[in-house]
Amino acid sequence: MGSQPIDDADVTEGNAPAQQQVAKGIEAPEDNSSALVEKASTHDKDGIASNGEISPIASKSDGPLRGPNGEEYPSKEDLETLRRVKGHISPIIYTIAFIELCERFAYYGTTAVFVNFIQQPLPQGSTTGAAGTFGQPGALDKGQQASTGLVTFNSFWSYLMPLLGGYLSDTYWGKYKTIHVAIVVATFGHLILIISALPPVIKNPDASLGIFSLGLIFFGIGVGFFKANISPMIAEQYEASHPRPVVETLKSGERVIKDPILTISVIYMRYYFFINVGSLVGQISMVYAEKYVGFYLSFTLPTALFLFCPLVLIAFKNKYVRKPPTGSVIGKFFGLLGLGMKGRWSLNPVRLWKNMREPGFFERIKPSHIPESERPAWMTFDDIWVDEVRRGLKACQVFFLFPIYWLPYNQLNSNLTSQAATLVLGGVPNDVINNLDPIALLIFIPIFDKLFYPFLRKMGVNLTPIKKVTIGFLLGTLAMVVGAIIQHYIYWKSPCREISGYGYAADCKAALGFNRTDSVDERVYKPPLTVWVQTPAYVLIAFSEIFASITGLEYAFTKAPSNMRGFITGVFWFAQAFSAAIAQAFVPLSTDPLLVWLYTTVAIIAAVGGLLFHFAFRNLDKEEEALNALPNSVFKGSRNKDEDFAAVEEAQAEADRIRHAQGLDEKLGTSS
């Protein structure tokens, strides 16, 4: 096996821990290891519980740390010295990944043709937008700025809605039910988009554009509700039965730590692989459907595949861990922050930031530090939930700079697609070239999963989340540098440079005296550059996604309070929405002769953002292990009144003793 991660089958018989039995087909309790503040134990340095009971878990010198089923937990020394490996990933997890594959096929298959549908004119003699092998598909003829603006709006709207979808899931519906709601709304949006592309409708571009824009509203709501909940739901399937690291022995005799955080990271890598299978197949097939049949087919086929999502969800409903909502989460979250900021608000942003990050900010607003008679009525949670909120806020702070990271990525389906149309295509549709991104991901995700990351772990290199995201920023910057260089050579080598001057290539066909709908050999009016020169830009963006995007999803899940995972995942995706809003400021640059400046500006902003990210969060990695080891909390809300809080308190006490014995509570900071 060498440096490879292992499954349970690689563990010496008798050393594998007895796994917790997870009830299937029922709404699982939201918290499996938590306690009310009045009953939560605190420990002194010898492992004595403050309630007078001797902790059954003390230190390495007293023997291995053992769980209730005989499983061995890593000691402080083990955490520092033993190699980490992944655990067994249940097949049920891959059914959720397949659901996401279908949804991403529907999303990317539909959006892949947006640029041509909006920007390009209806080809001569066509009623559907199809143009054949060497023609340019189109429909509404609204130009690059209109297409960039609407594509950017769609991205903004689709990634704004996860905030609402996450809130509704955490507070009222739960993830499983919210995903079903998302499917219904998104399907309605898909149907409206199909209507906008029917041949009788696209004869009137203005009417078609209006219907299309309405479809985007419902389409984006469904997409957002879906994205806020599908990624945390897939990780919860593993977490429910593997809540903390355990020590196991390989057949080779090597003692290793089977790490749930590492396993969740691997799950998200494979989840992202499924995403890009759907993305790749959807984009390529629908682009050819657009080119040879018409836009109505490009909108219809993704809708048909999307309908597999509810079928799979219903078929495996009784196999999924479905955590119910606790109710009233977000109000208490902001109420807690307001309590902490009482008397500390300032119009000076520097002073305000320092007040929010002062040491002890969260310690003084824990319920145990507030007399019961003075606690607000909404404070129906324990100290651990305050620690979870602090941890979740750290994730939100990390996501604060993600909009800058997404700026290069957002060029994939807008300006880089338009750039491809000005290069020699050789019969390849311009909006199929960006599939080099998912192709690169499908090639390199398994390499990173099976070879690169395990090799680093075996060599003792700890590539932490903050380091991964920093590398992602760097790679996104390099992709935009490549885009700027390509655009420069497009302008420099354009056949129209002698007529129109440097910086004019998009309308070269007209400048040479041809009608835009005339069938002319593209080599006459395009620079002698094949479209495949864009390959490095797409591959660099793909690499940046492996380091930053996948890590962001993992960070949202592992750092959010267990009953706020939908909302915190929504915050992660909101960063992309905010990035799309920022990108609207660049729309005036999305035209000749300013496109070199567009790519250069995005590259500079991404580089500065990466530097800021590194220096702002480089110390956060020191708390990574301790933050991940926090026990879940007791949270009494309007939706979980029937929860067995006594059992939850007992599990929390055990988790807290383990954490203390491992020395992880010493690594947990107190500032925000």
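These are my notebook entries on helices and their packing in a predicted model.

**Entry 1. Overview**

I began with the protein as a whole. I counted 25 helices and 5 strands. The chain holds 672 residues, and 59% of them are buried. I then turned to contacts with a separation of 6 or more, and found that 83% of these join residues 24 or more positions apart.

**Entry 2. Helix α11**

I looked up α11, which runs over residues 329-340 and has 12 residues. From its first C-alpha to its last I noted 17 Å, close to the 16 Å expected at 1.5 Å a residue. Which residues of α11 are buried? I listed Val329, Ile330, Lys332, Phe333, Leu336, Leu337 and Gly340. I recorded that the list includes a lysine, Lys332. An α-helix has 3.6 residues a turn, so residues three or four places apart point the same way. The buried residues of α11 pack against three helices that I noted by their ranges: α4 (143-173), α13 (383-399) and α22 (565-584).

**Entry 3. Gly566 in α22**

I next chose a residue in α22, namely Gly566. Is Gly566 buried or exposed? Its relative accessible area is 0%, so I entered Gly566 as buried. Leaving aside neighbours within four places in sequence, I found Gly566 in contact with Pro162, Gly166, Asp170, Ala228 and Asn229. I also checked Leu163, which is 403 residues away along the chain; the C-alpha atoms of Gly566 and Leu163 are 8.0 Å apart.

**Entry 4. Helices α8 and α21**

I compared the directions of α8 (residues 260-292) and α21 (residues 535-559), which pack at an angle of about 125 degrees with their axes 10 Å apart. I therefore recorded α8 as oblique to α21. The crossing of the two is right-handed. On the α8 side I listed Ile261, Ile264, Ser265, Tyr268, Met269, Tyr271 and Tyr272. On the α21 side I listed Glu545, Ile546, Ser549, Ile550, Leu553, Glu554, Phe557 and Thr558. By class, I noted 10 nonpolar, 3 polar and 2 charged residues in the contact of α8 with α21.

**Entry 5. Tyr268 in α8**

I followed one residue of that contact, Tyr268, which is found in α8. With a relative accessibility of 1%, Tyr268 counts as buried. Beyond its neighbours within four places in sequence, I found Tyr268 in contact with Ser231, Pro232, Ile234, Ala235, Ile550, Leu553, Glu554 and Phe557. I noted that Ile550, Leu553, Glu554 and Phe557 are also among the α21 residues in the contact with α8. Between the C-alpha atoms of Tyr268 and Gly552, 284 residues apart along the chain, the separation is 9.9 Å.

**Entry 6. Helices α13 and α21**

I returned to α21 to look up its packing with α13. How do the axes of α13 and α21 cross? They come within 8 Å and cross at roughly 160 degrees. I therefore entered α13 as roughly antiparallel to α21. The crossing is left-handed. From α13 the contact takes Glu388, Arg391, Gly392, Ala395, Val398 and Phe399, and from α21 it takes Gly552, Tyr555, Ala556, Thr558 and Lys559. The residues of this contact divide into 5 nonpolar, 3 polar and 3 charged.

**Entry 7. Helices α17 and α23**

I closed with α17 (residues 465-493) and α23 (residues 595-617), whose axes come within 8 Å and cross at roughly 165 degrees. I therefore recorded α17 as roughly antiparallel to α23. Their crossing is left-handed. I noted 16 nonpolar and 9 polar residues in the contact, and no charged ones.

Methods: Residues are numbered from 1 along each chain as its sequence is written. This is a predicted model: local features need pLDDT of at least 70, side-chain atom pairs count only at pLDDT 80 or more; totals for chains, interfaces and linings use all residues. Side-chain values use heavy atoms; hydrogens and water are left out. Helices (H or I, at least four residues) and strands (E, at least two) are DSSP runs, numbered from the N terminus. The expected span of a helix is 1.5 Å times one less than its number of residues. Buried means under 20% relative accessible area, exposed over 50%, partly exposed in between (1.4 Å probe, protein chains only). Contact means heavy atoms within 4.5 Å. Axes are lines fitted to C-alpha atoms, for helices over the stretch in contact, and angles run from 0 to 180 degrees between N-to-C directions. Angles under 35 degrees count as roughly parallel, over 145 as roughly antiparallel, 65 to 115 as roughly perpendicular and the rest as oblique. A crossing is left-handed if the near helix is turned anticlockwise from the far one by less than a right angle, and right-handed if clockwise. Ala, Val, Leu, Ile, Met, Phe, Trp, Tyr, Cys and Pro count as nonpolar, Asp, Glu, Lys and Arg as charged, and the others, Gly among them, as polar.
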